[in-house]
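Reader: I am in my first year and still learning how to read a protein model. Could you take one part of this one and go through it slowly with me, and then show how other parts are put together?

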Amino acid sequence: MPPTRDSGRQRPTQRPDTAPQLPCDQPGCNRWFRNLSGLTKHKRTTHLSFSHPHQSFPDHGELLGSSGEEDPVADTTPMLPEHAFDDYQAEVPLDPEHEDMRAECDARGQFLPANAPPPPRAEKALDDWTPYRNRLEFELADFLFTHAEMPARKIDTLLDIWAASLIGLGGQPLFTNHTDLYRVIDSTRVGDVKWDNFTIRYTGEEQGSERAPWMSDGYEVWYRDPRKVIHGILASSEFTDKLDLVPYREYDVSSDQRRWQDFMSGDWAWAQADRILHDDPTTAGATLVPIILGSDKTTVSVATGQTDYYPLYLSIGNVRNTLRRAHRNAVVLIAFLAMPKTTREHANTPAFCKFKRQLFHSSLTRILSSISRPMKVPEVVLFGDNYYRRVIYSLAAYIADYEEQVLLSCIVCNWCPKCLGHRDNLDEGALRRSREHCDTIIEEFELRQAWDSYGIVGDVVPFTNDFPRADIHEMLSPDILHQLIKGGFKDHLVEWVERYLIHVHGRVEAEKILDEIDQRIVAVAPFTGLRRFPQGRHFKQWTGDDSKGLMKVYIAAIEGLVPKDMVRTFRAFLEFCYLVRRNVITEQTLTEIDGALRRFHLFREVFRNAGVIESFSLPRQHAMKHYHYLIRQFGAPNGLCSSITESKHIKAVKRPYRRTNRFQALGQILLINQRLDKLTAARADFAGRGMLNGTCLSQAFEVLGTIEECANAAGDSEERTASYEEESGEVIDDQMAVDAHVSLAHRYQRARARNVGALATELGVLDLAHLLRHFLQSQLYPNDLRDPEDIPYQECLVYEGRIRVYNSACSTFFAPSDLSGIHGMRREHIRSCPMWRNAGPRFDCIFIVTDPQAEGMRGLDVARVLCFFSFKYQGTFYPCAVIHWFDRVGEGPDEATGMWIVRPGYRTRNLRNIAVVHIDTIYRAAHLIPVYATHNIDSRDIKPHCSYDMFHSFYVNKYADHHAFEIAF
């Protein structure tokens with residue numbers, strides 16, 4: 001491998017033209033080349049050797065397919081002749097909204113008139129459950145295989161018990177055994193894209209007298225036809241109303257600012273549509289389908305010997321970000337790439353390193369070969385709305401971490417894959433990399449000079465060079481998880497704080513301060529979705545969720561223990577991370593992103609001045625400079641983050657691996673994924689025809705005509721489900737009806753107080769009856785502007801009836817920037833209970849809307865919930881909360897941390913400021929972190945459940961989640 005470049009930057013000079021000196025050594029080829037890079041590129045694209053045996057894993061041959069098998073549905077899709085539309089004339093020129101890129105057509109590709117209904121198709125009957133006999137059979141198969149993930153032997157045991165229970169009744173179970181179950185699943189036609197394979201071997205020259213072992217091995221790649229996978233996504237009824245079929249530019253009506261959200265709202269899709277139409281006017285009316293790829297190695301087993309896999313995923317840019325992030329089937333596993341290994345003697349040799357790069361790019365070219373022609377000539381594809389459309393594909397984006405980006409873009413490590421900034425000073429202004437520029441450098445310079453001066457690995461050609469309009473440097477998307485959360489935050493900033501403390505205080509004293517930071521983190525009050533660190537941060541294996549959890553509490557934990565500028569550095573970095581993670585980004589947001597980045601670059605100098613770090617030329621931090629441009633190109637980065645593929649690893653690789661017997665596990669993983677895809681596609685098909693409404697039990701009652709029993713059964717089931725509480729928030733797939741809604745738990749606590757007097761004693765709020773009278777006065781006479789204290793007692797409303805007390809309430813709100821459902825809805829529990837998980841009492845804090853017209857914290861107040869209760873008065877149901885108000889400290893957020901500070905509110909004579917409020921005034925839960933620096937309290941004595949009681953001032957944690965960041969400013 002070429003050595004690192006010398007210090008000092010010289011402007012390269014153009015080499016004089018020379019006659020070709022290097023011939024191609026392949027038989028029958030008479031091409032000559034001026035340099036080695038040109039010869040390599042020619043051999044890479046023209047003479048690469050593939051071996052494609054027609055084989056399959058044992059016992060799975062009938063399912064894993066071969067290159068000769070074709071999808072019976074996909075084969076009916078016509079590929080239009082290359083000059084099929086030479087005489088076609090668009091009726092209207094391409095308008096600013098690119099409406100000509102979405103015209104509907106019939107199965108032969110002929111355009112339909114405007115507003116014409118879809119072509120008639122044979123509709124399936126509403127009772128057609130093929131290959132299942134009925135709904136019960138499908139639901140059982142889906143439950144056992146997808147949800148319970150039950151092994152074959154346990155399925156047999158369950159079915160045997162079921163069969164034994166039915167012998168006396170003369171009945172039979174739905175399936176005989178696991179073989180019968182698998183046979184039915186395998187016969188499902190929808191979602192059936194079979195696995196295929198090919199093998200690549202080294203065909204180059206041997207170096208030295210001894211042949212390295214890796215040169216003799218064959219490297220097998222298993223894949224599915226990406227063209228058929230895309231057809232399945234486009235034809236799915238699940239995505240019918242969730243696809244953007246044309247590029248668009250969205251503007252805020254109130255401010256006239258442009259907004260970026262989903263992929264098709266970015267400039268890339270707009271420019272690509274223009275380019276396609278400019279290059280070939282006959283493509284007018286075709287629908288652009290941007291292809292999004294993602295790959296990353298993953299480890300499934302360490303304790304019993306490290307087992308790694310290299311999955312490749314595919315999605316399309318037409319799918320909206322919320323759907324891609326919601327762990328739905330908009331991201332599909334399409335391949336397992338080869339991972340060549342060899343002996344230690346040869347592992348780091350230049351020849352083997354070069355072969356690994358070539359193997360990777362050659363494999364991608366082979367896998368994607370089926371979509372090469374439809375990138376030039378439109379093909380007719382059936383969509384989920386039953387319309388046919390001409391589609392044309394383009395490689396659009398690639399989701400990858402930095403190591404994968406280096407491999408993809410064929411650059412040297414520690415260089416930037418997006419721009420030409422030198423590795424010794426990446427943040428220096430530089431032009432963006434491009435395919436044309438790299439080809440020119442490789443053509444004009446020797447490999448060593450391209451390596452040293454431009455960071456280009458010139459003897460490997462990116463796979464994108466084999467496809468039209470594809471540029472790997474443009475495709476690489478921003479990666480919030482690895483660039484910001486794991487890289488910039490955990491690996492850089494947190495590590496630098498530890499180095500600073502050791503450098504300034506010495507190791508012994510620094511360890512004590514680090515222990516204090518850990519204790520502060522441990523003492524943080526619990527909150528929905530907040531990761532706990534009960535033993536501090538001293539564990540070896542950090543996950544992305546660990547780093548995200550630490551980001552939410554770290555800035556408050558270090559405040560007062562490090563210089564203010566370090567705290568300001570963390571604030572600027574966190575604000576950058578939370579801004580780019582928003583679901584919708586406006587021009588104002590871009591301005592705020594740029595401002596946060598400037599402040600980060602300014603304040604991070606404190607680490608260099610302290611002698612902690614010598615250079616900030618770090619590829620992951622440098623990537624922050626490209627986010628503004630990439631947001632304009634691809635829309636909001638949260639739709640292209642590697643957290644999407646990391647989550648897919650669990651569903652498509654890790655969990656299927658745990659279901660195997662570990663012998664030839666890959667074949668079993670492929671089969672499991674194929675069955676999962678079939679069940680998912682079948683569910684979408686049945687749901688699209690309205691066949692899965694209600695539950696199996698409710699449908700059975702409905703058939704029998706016992707509607708009342710059906711309603712009672714559904715109600716009981718709903719109550720049990722709704723009363724179950726989890727530590728993490730829940731994603732909700734319901735449509736957004738209101739911005740936020742709070743409801744009490746479905747079950748009240750029978751062991752708690754049942755009247756106002758008993759509740760006053762339980763809470764220690766002796767004037768609760770008085771507060772309840774004020775509440776009723778405000779509810780029944782909202783226009784009475786008198787102070788409740790001035791109302792004569794005889795006019796006050798009195799309630800002495802029964803009440804019901806609840807341990808929690810549920811808040812459902814629109815939070816598309818967080819993990820949410822396909823419509824952006826999220827649910828969390830607000831708890832107020834005397835004992836939670838046997839650890840102690842838990843009384844959460846909440847945001848209450850006090851001024852709907854004001855923005856941020858100026859329109860919200862913070863309170864702590866002491867109790868949820870309900871009662872009926874004059875026939876009206878009142879769900880309420882007893883709260884303790886908190887007062888804001890200062891007129892704005894804290895300058896160093898960016899968070900507001902609040903403290904418990906008190907009235908005269910040091911009485912707590914308590915009130916009764918309607919739960920409709922509650923927005924959602926709030927998280928508070930103690931201002932540790934202002935308290936002389938040993939945090940080692942603080943337990944999380946008593947954090948709110950031991951401190952007297954708190955930060956309103958706007959970093960608790962992305963929705964809190966958007967409202968608590």
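Author: In this predicted model, Leu-382 stands opposite Tyr-388 of strand β15, and this pair is a good place to begin. Leu-382 is a residue of strand β14, which covers residues 379–382, while β15 covers residues 388–399. The two strands pair in the antiparallel sense, over 4 bridges, and together they form a hairpin with 5 residues between them. In the turn of that hairpin sits Asn-386, whose phi is positive, at about 75 degrees.

Is strand β14 covered or open on its two faces? Both faces are covered, since Glu-379 and Val-381 on one side are buried, and Val-380 and Leu-382 on the other are buried as well.

Strand β13, residues 332–336, can be read in a similar way: it is mostly covered, with 5 of its 5 residues buried. Strand β12 (residues 311–316) runs antiparallel to β13 and is joined to it by 4 bridges, with Leu-312 standing opposite Ala-335. Strand β6 (residues 218–224) is also antiparallel to β13, joined by 2 bridges, and here the bridge partner of Tyr-223 is Ala-335.

From strands we can turn to nonpolar cores. In soluble globular proteins, nonpolar side chains tend to be buried together. The largest nonpolar core of this model has 108 residues, and Tyr-554, Phe-847 and Phe-868 touch the most other members. Helix α15, residues 480–522, gives the most to this core, contributing 16 residues. There is also a second, separate core, made of 57 residues, and among them are Leu-293, Ile-316, Ala-338 and Ile-472.

Last comes a pair of helices. Two packed helices are described by the angle between their axes and the distance between the axes. For helix α26 (residues 756–763) and helix α27 (residues 768–780), the axes come within 9 Å and cross at roughly 120 degrees. Because an angle over 115 but not over 145 degrees counts as neither roughly perpendicular nor roughly antiparallel, α26 is oblique to α27. On the α26 side of the contact are Val-756, Leu-759 and Ala-760, and they meet Leu-768, Ala-769 and Leu-772 of α27. The residues of this contact divide into 6 nonpolar, no polar and no charged.

Key
Residues are numbered from 1 along each chain as its sequence is written. This is a predicted model: local features need pLDDT of at least 70, side-chain atom pairs count only at pLDDT 80 or more; totals for chains, interfaces and linings use all residues. Side-chain values use heavy atoms; hydrogens and water are left out. Axes are lines fitted to C-alpha atoms, for helices over the stretch in contact, and angles run from 0 to 180 degrees between N-to-C directions. Angles under 35 degrees count as roughly parallel, over 145 as roughly antiparallel, 65 to 115 as roughly perpendicular and the rest as oblique. Contact means heavy atoms within 4.5 Å. Ala, Val, Leu, Ile, Met, Phe, Trp, Tyr, Cys and Pro count as nonpolar, Asp, Glu, Lys and Arg as charged, and the others, Gly among them, as polar. A nonpolar core is a set of buried Ala, Val, Leu, Ile, Met, Phe, Trp, Tyr and Cys residues joined through side-chain atoms within 4.5 Å. Buried means under 20% relative accessible area, exposed over 50%, partly exposed in between (1.4 Å probe, protein chains only). Two strands pair if DSSP finds at least two bridges between them.
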